[in-house]
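Biologist: I would like a close look at a single part of this model, the sheet and whatever is packed around it. Please take me through it step by step, and include the annotated positions where they belong.

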Amino acid sequence: TGNRTFTMIKPDAVENGHIGAILEKITAAGFKIVAMKYTQLSRRDAGEFYAIHKERPFFGELVEFMTRGPIVAAILEKDNAVDDFRALIGATNPAEAAEGTIRKLYAASIGENAVHGSDSDENAAIEGAFHFSGREVY
Ligand code: CMP
């Protein structure tokens, strides 16, 4: 048993039919899914989840994008989960993402970048708890 990270398959990747391929890459890389749901964020949910970006010029666009359709939210477990997952998804900007990474394969732009990955153990815990109750984690 390892430690945990939190991910979302974002509306662009869901719209484009990439849920299955992305989950396959995640599990093939050794991550165990310990919680997962298909859901759609409200504007309030997205505003709260991305509160840290509230003053950024792209905040409105980010909330608009993240609420425009359903997402898949999941908590993943693996040794070194946060760093290994960030390596698997690639740079925030898909144009800068390494070959074979999820964003290189499935993302179109820095805004619509297919997947989220927590940036620290602390944020992984906060973000996981935002989306899941204790009874939804197995
Ligand atoms: P993520 O790192 O998952 O969480 C913050 C998100 O803000 C990021 O993914 C991008 O989707 C978005 N973002 C970051 N920088 C920009 C930008 N310059 N323009 C639009 N969206 C951005």
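Modeller: A good place to enter is the pairing of S1 with S4, two strands that run antiparallel and are joined by three bridges; please keep in mind throughout that this is a predicted model. Within that pairing, Met8 stands opposite His116 in S4, and His116 is the position at which UniProt, in an unreviewed entry, places the feature "active site". Strand S4 itself covers residues 115-117. His116 counts as buried because 21 other C-beta atoms lie within 10 Å, where the cut-off for being buried is 20 or more. Leaving out residues up to four places away in sequence, His116 touches Thr7, Met8 and Lys10, and Lys10 is one of the positions to which the UniProt record, again unreviewed, gives the feature "binding site".

From this pair of strands one can build up the rest of the sheet. Strand S1, residues 3-9, also pairs with S3 in the antiparallel sense, over seven bridges, and there Ile9 stands opposite Val72. S3 pairs in turn with S2, likewise antiparallel and over seven bridges, with Ala73 in S3 as the bridge partner of Lys37. Taken together, the four strands form an open, antiparallel sheet in the order S2-S3-S1-S4. S2 and S4 stand at its edges with a single partner strand each, so one side of each is left without a neighbour in the sheet. From one strand to the next, the twist averages 15°. As for S3, which spans residues 71-78, six of its eight residues are buried, so this strand is largely enclosed by the rest of the structure.

Beyond the end of S2, in the loop that leads from this strand (32-39) to helix H3 (43-49), sits Leu41. Leu41 is buried, since 23 other C-beta atoms lie within 10 Å of its own, and, apart from neighbours within four places in sequence, its contacts are Ala46, Met66, Thr67 and Ile71.

Next come the helices packed around the sheet. Helix H5, residues 81-89, lies across S1, S3 and S4 and runs at about 35° to S1. Its buried residues are Ala81, Val82, Phe85, Leu88 and Ile89. These residues cover an arc of only 125° around the axis, which puts them on the same side of H5. The general background is that an α-helix has 3.6 residues a turn, so residues three or four places apart point the same way. What the buried residues of H5 pack against is S1, S3 and S4 from the sheet, together with helices H2 (19-28), H6 (102-106) and H7 (121-131). Just after H5, Gly90 takes a positive phi of about 90°.

Helix H7 can be read in a similar way, with Ala124, Glu127, Gly128 and His131 buried. They cover an arc of only 100° around the axis, which puts them on the same side of H7. The face turned away from that buried side carries the exposed residues Glu122 and Phe130, while S1, S3 and H5 are among the elements that cover the buried residues.

The packing also appears in the largest nonpolar core, which has 27 residues, and of these Ile22, Leu76, Phe85, Ile102 and Val115 touch the most other members. Two or more residues of this core come from each of S1, H2, helix H4 (59-66), S3, H5 and H6. Ile102, not counting residues up to four places away in sequence, touches Ile22, Lys25, Leu88, Ile89, Gly90, Ala114 and Val115.

Finally, the same kind of UniProt annotation, "binding site" in an unreviewed entry, includes Thr92, Arg103 and Asn113. Thr92 is found in the loop between H5 and H6, and Asn113 in the loop between H6 and S4. Thr92 is partly exposed, with 16 other C-beta atoms within 10 Å, whereas Asn113 is buried, with 23. Thr92 touches Ile110 and Asn113 once residues up to four places away in sequence are set aside; on that basis Asn113 is in contact with Thr92, Pro94, Arg103 and Ala107.

Methods. Residues are numbered from 1 along each chain as its sequence is written. This is a predicted model: local features need pLDDT of at least 70, side-chain atom pairs count only at pLDDT 80 or more; totals for chains, interfaces and linings use all residues. A residue is buried if 20 or more other C-beta atoms lie within 10 Å of its own, exposed if 12 or fewer, and partly exposed in between; C-beta atoms are placed from the backbone. Two residues are in contact if their C-beta atoms, placed from the backbone, lie within 7 Å. Two strands pair if DSSP finds at least two bridges between them. UniProt positions are given in the numbering used here, feature names are shortened, and annotations may be inferred rather than shown by experiment. Axes are lines fitted to C-alpha atoms, for helices over the stretch in contact, and angles run from 0 to 180 degrees between N-to-C directions. The arc is that of the directions from the helix axis to the C-beta atoms. A nonpolar core is a set of buried Ala, Val, Leu, Ile, Met, Phe, Trp, Tyr and Cys residues joined through C-beta atoms within 7 Å.
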